[in-house]
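Colleague: Okay, let's go through this one together. Start with whatever I need to read contacts properly.

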Amino acid sequence: MNFKYFATLLLPAVSGLSFSSSLSAAEEAFSVNGFITQGVFYTDNNNVYGASDDKPSFDFHEIGLNTAYRFTPKLRGAVQVMSRQAGRVDNGEPQLDYALLDYRVSDLPGATYGLRAGRLKVPFGFYNETRDVAFTRPSIMLPQSLYFDQARDLELSIDGAILYGSVDVPGGWLDLDLLYGSPQTDTNVEYAYLAMDAAGKFDGSEGYMARMIYNADAGRIRIGTTVAEYRLHYQPGAPGAPAWNEFNDGDLKLNVAMLSAQYNTENWSLTGEYMVHDIDWTELGGIYSVRPKTPLTSYYLQLQYRLNYNWDLLLRYDDLVLDGNDPRGKRNSLLFPKQAHGFYAQDVTLGVGWQPNPAWLFRAEIHNVKGTGWAAEQDNPDLASLKKYWNIFALQATYRF
């Protein structure tokens, strides 16, 4: 079944029905909600979310349907199924996005904490947990230097458990999340960390993460840190695979440390995040034997201005360096089949959002990009043809119910 044009077909249909999730008072313990997003992308060079080079690509949609039920005052369950089409990175096939049980141990003022278990959203930085819901992200595309769409499944959800809490501290409150489980892996993770669809596959994973956010002055100031360690086990494919396409039986080791900060006023929000991401291919060997470890560094600075309830503007600078020891990619371009600009990316984004009512959101944005460090190989299979300088023009419509 082709899922490419689900959103285009469903947007007018769902809004026309004026479907309401409102339930009677006796049914307040049960809720159903959803959203539909359709995007259009045009680029003057390279491809993003489909064949967008010199022509519009409609190969981007997000459709989510979720439900929640409160079994007791302390125990609730929630499930979301999602279809996402993103060029050749995601094919739109419906997937279980999250399915969890949440037990609230304490609801005391100034000290709430509990436990979630199941398939969970990963608490990574400010935006990861809700990155698929257009109303909760500041732009059509999140900063790709930190929120990689190519490795979205690995970043987005995990099968495991989270111990969470919120406690009052001097000057504000502290949000804490401690996570352990098995991260999601698929072919896109191979493209993100092996730069190819390898002969074998990642057949096991384990990871833990801790996030802490300090909120001061009623949320005017937010300062956070996230640390994580993942192990992805690679299982070689059938014997006889070409050497350039195969790796040893072993673990890919990923270590992440991120600092986040945000300052909010009535009309302005200034946000910045900085990440160091150490990648260790030592056990896998293969083409990475010549460079077994890499310190990836990235950051962004973002300014949002809210003209009123309906309109907002965005300006952002986003910077990615895939190898901190070779920021211009010159040495790496001699070792791997990529041009030097394939090892970094600098993106300046200007965007505008319009929310005419609580149900609808429209966005438009322009990206001026130098480098192709986060350009997906799936949409750009001929790496030699990628251009160093390119622009992205994007439109997006979202309806929620």
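Modeller: Contact here means heavy atoms within 4.5 Å. The model is predicted: local features need pLDDT of at least 70 and side-chain atom pairs count only at pLDDT 80 or more, while totals for chains, interfaces and linings use all residues. Numbering starts from 1 along each chain as its sequence is written, and side-chain values use heavy atoms, with hydrogens and water left out.

Colleague: Good. Which residues does Leu-163 touch?

Modeller: Not counting residues up to four places away in sequence, Leu-163 touches Gly-114, Leu-115, Leu-176, Asp-177 and Leu-178. Leu-163 sits in strand S7; strands (E, at least two residues) and helices (H or I, at least four) are DSSP runs, numbered from the N terminus.

Colleague: Buried or exposed, that leucine?

Modeller: In between. Leu-163 has 45% relative accessibility, so it counts as partly exposed. The cut-offs are under 20% relative accessible area for buried and over 50% for exposed, with partly exposed in between, using a 1.4 Å probe and protein chains only. Glu-129 is 34 residues from Leu-163 along the chain, and their C-alpha atoms are 15 Å apart.

Colleague: And what does S7 pair with?

Modeller: S7 (residues 157-169) pairs with S6 in the antiparallel sense, over eleven bridges. Pairing requires at least two DSSP bridges between the strands. Within that pair, Gly-165 of S7 stands opposite Tyr-113. S6 (residues 111-121) also runs antiparallel to S5 (residues 95-108), joined by nine bridges, and there Arg-104 faces Gly-114 of S6.

Colleague: What's in the turn between S5 and S6?

Modeller: Two residues separate the strands in that hairpin, and Gly-110 takes a positive phi near 85°.

Colleague: Glycine, fine. Which residue has a positive phi although it is not a glycine?

Modeller: Tyr-49 is one of them, with phi of about 55°. Tyr-49 lies in the loop between strand S1 (30-43) and strand S2 (57-70), and its relative accessible area is 7%, so it is buried. Asp-217 also has a positive phi of about 55° without being a glycine. The place of Asp-217 is the loop between strand S9 (201-216) and S10, and at 47% relative accessibility Asp-217 counts as partly exposed.

Colleague: Switching to empty space. How many cavities of 30 Å³ or more are there?

Modeller: Six. On a 1 Å grid over the protein atoms alone, a cavity is a set of points where a 1.4 Å probe fits but cannot get out, and lining residues have an atom within 4 Å of a point. Points are joined across faces, edges and corners, and volume is the space filled by probe spheres set on them.

Colleague: What's the volume of the largest, and what lines it?

Modeller: The largest cavity holds about 170 Å³ of space. It is lined by 14 residues, of which Phe-124, Glu-155, Tyr-193, Tyr-230 and Val-256 are the closest to its centre. Helix H2 (152-156) and strands S10 (221-235), S11 (250-264) and S12 (268-280) each supply at least two lining residues. By class, that lining has twelve nonpolar residues, one polar and one charged. Nonpolar covers Ala, Val, Leu, Ile, Met, Phe, Trp, Tyr, Cys and Pro; charged is Asp, Glu, Lys and Arg; the others, Gly among them, are polar.

Colleague: How are S11 and S12 arranged?

Modeller: S11 and S12 are antiparallel over twelve bridges and form a hairpin with three residues between them. Ala-261 stands opposite Gly-272 in S12. S12 also runs antiparallel to S13 (residues 293-306), with 13 bridges joining them; Ser-269 has Gln-304 of S13 as its bridge partner.

Colleague: And H2, what does Arg-152 contact there?

Modeller: Arg-152, which is found in H2, is in contact with Met-82, Arg-84, Asp-90, Arg-131 and Asp-132, leaving aside neighbours within four places in sequence. Its relative accessibility is 5%, so Arg-152 counts as buried.

Colleague: What about the second largest cavity?

Modeller: That one has a volume of about 130 Å³. Our Tyr-49 shows up in its lining, along with others including Asn-47, Met-141, Trp-374 and Asp-379. The lining residues divide into seven nonpolar, three polar and two charged.

Colleague: Last bit, what's the overall picture for the chain?

Modeller: The chain has four helices and 17 strands. Its C-alpha trace spans about 65 × 45 × 45 Å along the principal axes. Of its 401 residues, 49% count as buried. Among contacts between residues at least 6 apart in sequence, 62% join residues at least 24 apart.

Terms used. 1 Å grid on protein atoms, 1.4 Å probe; cavity = no way out; pocket = protein on both sides within 12 Å on 5 of 7 lines; lining within 4 Å.
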